[in-house]
Amino acid sequence: MCIRDSALSARAGRTGDGDGAGEPPAPLAGGAMPARLVELAQVLREAPDSRARALALVQLGASSARCADGSAPPPAGAERVRGCASVTYVSATVDEQGRAQLAGSSDAALSRGLLALVVDGLHGASASSILALTSASIRQLAALDGSVTPSRINGLDNICLLYTSDAADEEDS
């Protein structure tokens with residue numbers, strides 16, 4: 001997996017203020033979000049406040065079979081997420097049907113929850129589905145802006161950048 005600095009800077013833009021709980025999710029250029037991502041984001045969105053949303057993220061990370069804690073070695077072929085407040089790794093492969101097989105690890109519970117939102121929400125999606133997503137649309141759908149610190153949002157943005165870069169590489173091959 002190769003990520004270029006220009007791709008990082010070009011896709012790192014953020015939008016939205018507040019917690020986003022009252023705003024409808026942004027439409028996607030390429031179609032609907034994967035159903036599992038919508039389901040996970042809805043659980044977070046329905047949390048009554050930012051603290052409950054953060055606790056739900058921690059629980060999501062703890063329950064994810066595809067996201068290991070930092071004590072385990074990173075997944076095979078994993079790349080470290082630059083700009084993340086914790087030590088976080090992501091890996092992506094494609095199965096014989098062209099579906100993303102995602103995994104990751106993080107040494108921080110909240111970052112592991114953000115990672116699980118993306119990994120579990122996009123696992124099995126096509127490259128074109130992943131390319132249609134932005135971290136801003138995921139943040140808005142899950143009402144994360146205002147619920148987690150800017151450094152954690154930056155980590156989520158960079159996790160998404162790595163996975164979209166992989167998806168772009170897959171579509172080009």
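**Exercise 1. Find the partner of D120 in a salt bridge and give the separation of the closest N and O atoms.**

Solution. D120 pairs with R66, and the closest N and O atoms are 3.2 Å apart. A salt bridge here is a side-chain nitrogen of Lys or Arg within 4 Å of a carboxyl oxygen of Asp or Glu. Next, place the two residues: D120 is in helix α4, while R66 is in the loop between α3 (50-63) and β1 (67-69). The pair links distant parts of the chain, 54 residues apart. Helices (H or I, at least four residues) and strands (E, at least two) are DSSP runs, numbered from the N terminus. In the whole structure, the search finds four salt bridges.

The model is predicted: local features need pLDDT of at least 70, side-chain atom pairs count only at pLDDT 80 or more, and totals for chains, interfaces and linings use all residues. Residues are numbered from 1 along each chain as its sequence is written, and side-chain values use heavy atoms, with hydrogens and water left out.

**Exercise 2. Identify the residues through which α4 and α7 meet.**

Solution. From α4, take L110, S111, L114, L115, V118 and V119; from α7, take R152, L156, I159, C160 and Y163. Contact means heavy atoms within 4.5 Å. Sorted by class, this contact has nine nonpolar, one polar and one charged residues. In this sorting, Ala, Val, Leu, Ile, Met, Phe, Trp, Tyr, Cys and Pro count as nonpolar, Asp, Glu, Lys and Arg as charged, and the others, Gly among them, as polar.

**Exercise 3. Describe the largest cavity by volume and lining.**

Solution. Start with the volume, about 40 Å³. A cavity is a set of points, on a 1 Å grid over the protein atoms alone, where a 1.4 Å probe fits but cannot get out; a pocket is an open set with protein on both sides within 12 Å along at least five of seven lines; lining residues have an atom within 4 Å of a point. Grid points are joined across faces, edges and corners, and a volume is the space filled by probe spheres set on the points. The lining consists of L122, I130, L133, T134, S135, I138, C160, Y163 and T164. Of these, α7 supplies the largest share, three residues. By class, the lining has six nonpolar, three polar and no charged residues.
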